[in-house]
Amino acid sequence: MVGRIRNLVGPTYWILTFVLTVVAVAMVAFYTPDEKTMGTIQKIFYLHLPTAICTFLACLVNFICSIAFLAQRRSACDDAAAASARVAVQLCTVVLVTGMIWGKSAWGQWWTWSPRLTFSLVLWLLYAVYLMVRSSVESEQRRALIAAVYGLIAFLDVPLVYLSVRMMPDIHPVSVSLAPAMRWTLIAWFVPITMITFGLIVVRYNLNRLDRLGRRDDEIAPSARGFEVLPAEGGAV
Amino acid sequence: MTAAIRQIGLLVAKDLRIESRSRQTLGLVIVLGLLIVTVLGLGLAAGKPAGFDATAVLWVAYLFAGVLCFEKTMAVERDEGALAGLMLAPMDRGIIYLSKLAANLLLMLAVAAVVTPVGVLFFGFDLSAAPGSFAIVMGSGIVGFAAVGTLFSALVSSTRLAGGLLAMMVFPIALPLVITSTLTLMGVFRDGRELAAGGVGVLVAFDVIFLTVSWLVFDWILEP
Amino acid sequence: MNDSQYTILAYAVGLGLLWGYAGVLWISARRRRCEAFVEPVVEKVDPWGDLGGTP
């Protein structure tokens, strides 16, 4: 009985998320008025801002899991950190792409070195490197340790990046005053995007767990049959 | 406190003695820095009167030279299990970090002392307007860069592709240093303004945060 | 392209990246589940295990 309810949680969550996404899209298409000075293109904002906030949330999850790993050395923390970093990169890609399309329409250029575009790019690089570092270390323990320290340092780097790009000349809209209809649409977008973020992190985490536990079985098998297991690191001198 | 300083002094002297006898790193790194400045100078500065991008070019040279320095000073400990002996010594692990950092800083200082004048010459960059500001900005930038680089070099030195991994990890982390110092120096040299306190503040904040964190984390990451 | 086309493009790419990634994860989760179902069977008929392997 409990198992059956557990099996229903995932699909229900995703169906609900999908319905809310459709509602949010419909609100942008039919309910929200155009902004006066920027026109239709301002509507990208409803996707852009919640995704940017959720990118930070995913990075925060990564930071917490990295510290938890350093303190407790549990493989589950490492898997959660890996999952959240992967989702953060995905979200940051969305922020970058939507921001670039906005820039192309508003300023006629795909890329300008404006503070916020630069900030998103550096954030993307920081966590893309996190994923690359993970994939290039072979030993499981070493990989987890390197990734955790890097995750810790990278997250502490984010506010410094923000402070440093603030010194650049800016052409971004600083604050947009929102009509009530716009505010409702924004809230309607925050809900599905946050749900997608945490749903993706959980699904990715479960996959990482399965992968790790499956691989552990393979590693144990040869030694049990009398073969020597080669050391994973320190081989080359 | 005095014991700690003495320990750091001993370890730094050891690293410098190894360097002075083997002459592995310094020559290599300085020539690499000069090569980078030359290549970028040929690509960028040809046909341009005054190069305010000299600071960015110098940063590229510092970054690559620095990564090589960090990797070499840590690779010394990899040989014949020297690190295990170092870890057996009755002292705080933080001391090991600080001594490695000091050795790296001395090496980078030597590199900067050669590469900077050459870069300034090649790019026709007039340093005489505010040499003090230049030294403060670049100096605090290099300290922060070395703080992170020393931590990561200890972290990745046991992996197969240590050098490439180190560069990949340190460069994005060091980006705020590059952005801040180039913008701050641009303000001083091109626009003729005073040294911006905000810019120096970011650099110092970077130094303080990462020196503290690295010193704390170093305990956990050192494995022979 | 005009403004509304750019807006539609942004939403298509953005939602495509998010839901596309969800779809990729869903497919690999399904594949994992199938493998988990198949693997024990393979283990059972593994000839090496019967020829003197010790558990």
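Start with chain A: among its contacts between residues at least 6 apart in sequence, 79% join residues at least 24 apart. Keep in mind as you look around that this is a predicted model. Chain A has six helices and zero strands, so reading along the sequence gives you the pattern α-α-α-α-α-α. Buried residues make up 40% of the 237 residues in this chain.

How far does the predictor trust chain A? The mean pLDDT there is 83, and 86% of the residues reach 70 or more. Within chain A, confidence is highest in helix 2 (residues 45-72), at a mean of 93, and lowest in helix 6 (residues 180-224), at 79. Then there is the stretch from 218 to 237 of chain A, where the pLDDT is below 50. Beyond near neighbours in sequence, that stretch has 17 contacts in the model.

One spot in chain A is worth a stop. Arg73(A) sits in the loop between helix 2 and helix 3 (75-107) of chain A. Its phi is near 55°, a positive value in a residue other than glycine. Is Arg73(A) buried or exposed? Neither, quite: Arg73(A) has 14 C-beta neighbours inside 10 Å, so it counts as partly exposed.

Now move over to chain B. Its secondary structure comes to eight helices and zero strands, and from the N terminus on the elements run α-α-α-α-α-α-α-α. The C-alpha atoms of chain B fill a box of roughly 55 × 35 × 30 Å along the principal axes. What would you expect for the radius of gyration of a compact globule with 224 residues? The figure is near 17 Å, and chain B has 18 Å, which agrees. Of those 224 residues in chain B, 48% count as buried. Contacts in chain B with a separation of 6 or more are mostly long-range in sequence, since residues 24 or more positions apart account for 84% of them.

On confidence, chain B has a mean pLDDT of 85, and 96% of its residues reach 70 or more. Among the elements of chain B, helix 6 has the highest mean, 91, while helix 4 (residues 82-88) has the lowest, 79.

Let's pick out two helices of chain B, beginning with helix 3 (residues 54-78). At 1.5 Å a residue, its 25 residues should span 36 Å; the end C-alpha atoms of helix 3 of chain B are 36 Å apart, so the two agree. Helix 3 of chain B is mostly covered, with 19 of its 25 residues buried. After this helix comes Glu80(B), whose phi is positive, near 50°.

The other one to look at is helix 8 of chain B. It has 25 residues too, which at 1.5 Å a residue should span 36 Å, and its end C-alpha atoms are 35 Å apart, which agrees. Helix 8 of chain B also carries a kink of about 30°, centred on Trp215(B). Its buried residues include Val202(B), Leu203(B), Phe206(B), Phe210(B), Val217(B) and Phe218(B), and also Asp207(B) and Ser214(B). As a reading aid for a list like that, an α-helix has 3.6 residues a turn, so residues three or four places apart point the same way. What covers the buried residues of helix 8 of chain B? The cover includes helix 5 (93-122), helix 6 and helix 7 of chain B, together with helix 5 (140-165) of chain A.

That cover from chain A leads to the contact between the two chains. Here 28 residues of chain B are in contact with 29 residues of chain A. On the chain B side, the elements giving two or more residues are helix 6 (131-156), helix 7 (162-189) and helix 8 (197-221). Helix 8 of chain B supplies the largest share, eleven residues. By type, this side of chain B divides into 22 nonpolar residues, five polar and one charged.

Finally, there is chain C, with two helices and zero strands. Of its 55 residues, 11% count as buried. Chain C touches chain A as well: 21 residues of chain C are in contact with 25 residues of chain A. The chain C side of that contact divides into 13 nonpolar residues, six polar and two charged.

Technical notes. Residues are numbered from 1 along each chain as its sequence is written. Chains are lettered from A and ligands numbered from 1 in the order in which they are written. This is a predicted model: local features need pLDDT of at least 70, side-chain atom pairs count only at pLDDT 80 or more; totals for chains, interfaces and linings use all residues. Helices (H or I, at least four residues) and strands (E, at least two) are DSSP runs, numbered from the N terminus. The radius of gyration is taken over C-alpha atoms; the globule rule is 2.2 Å times the number of residues to the power 0.38. A residue is buried if 20 or more other C-beta atoms lie within 10 Å of its own, exposed if 12 or fewer, and partly exposed in between; C-beta atoms are placed from the backbone. Two residues are in contact if their C-beta atoms, placed from the backbone, lie within 7 Å. Ala, Val, Leu, Ile, Met, Phe, Trp, Tyr, Cys and Pro count as nonpolar, Asp, Glu, Lys and Arg as charged, and the others, Gly among them, as polar. pLDDT is the predictor's confidence in each residue, from 0 to 100. The expected span of a helix is 1.5 Å times one less than its number of residues. The bend at a residue is the angle between axes fitted to the seven residues ending there and the seven starting there.
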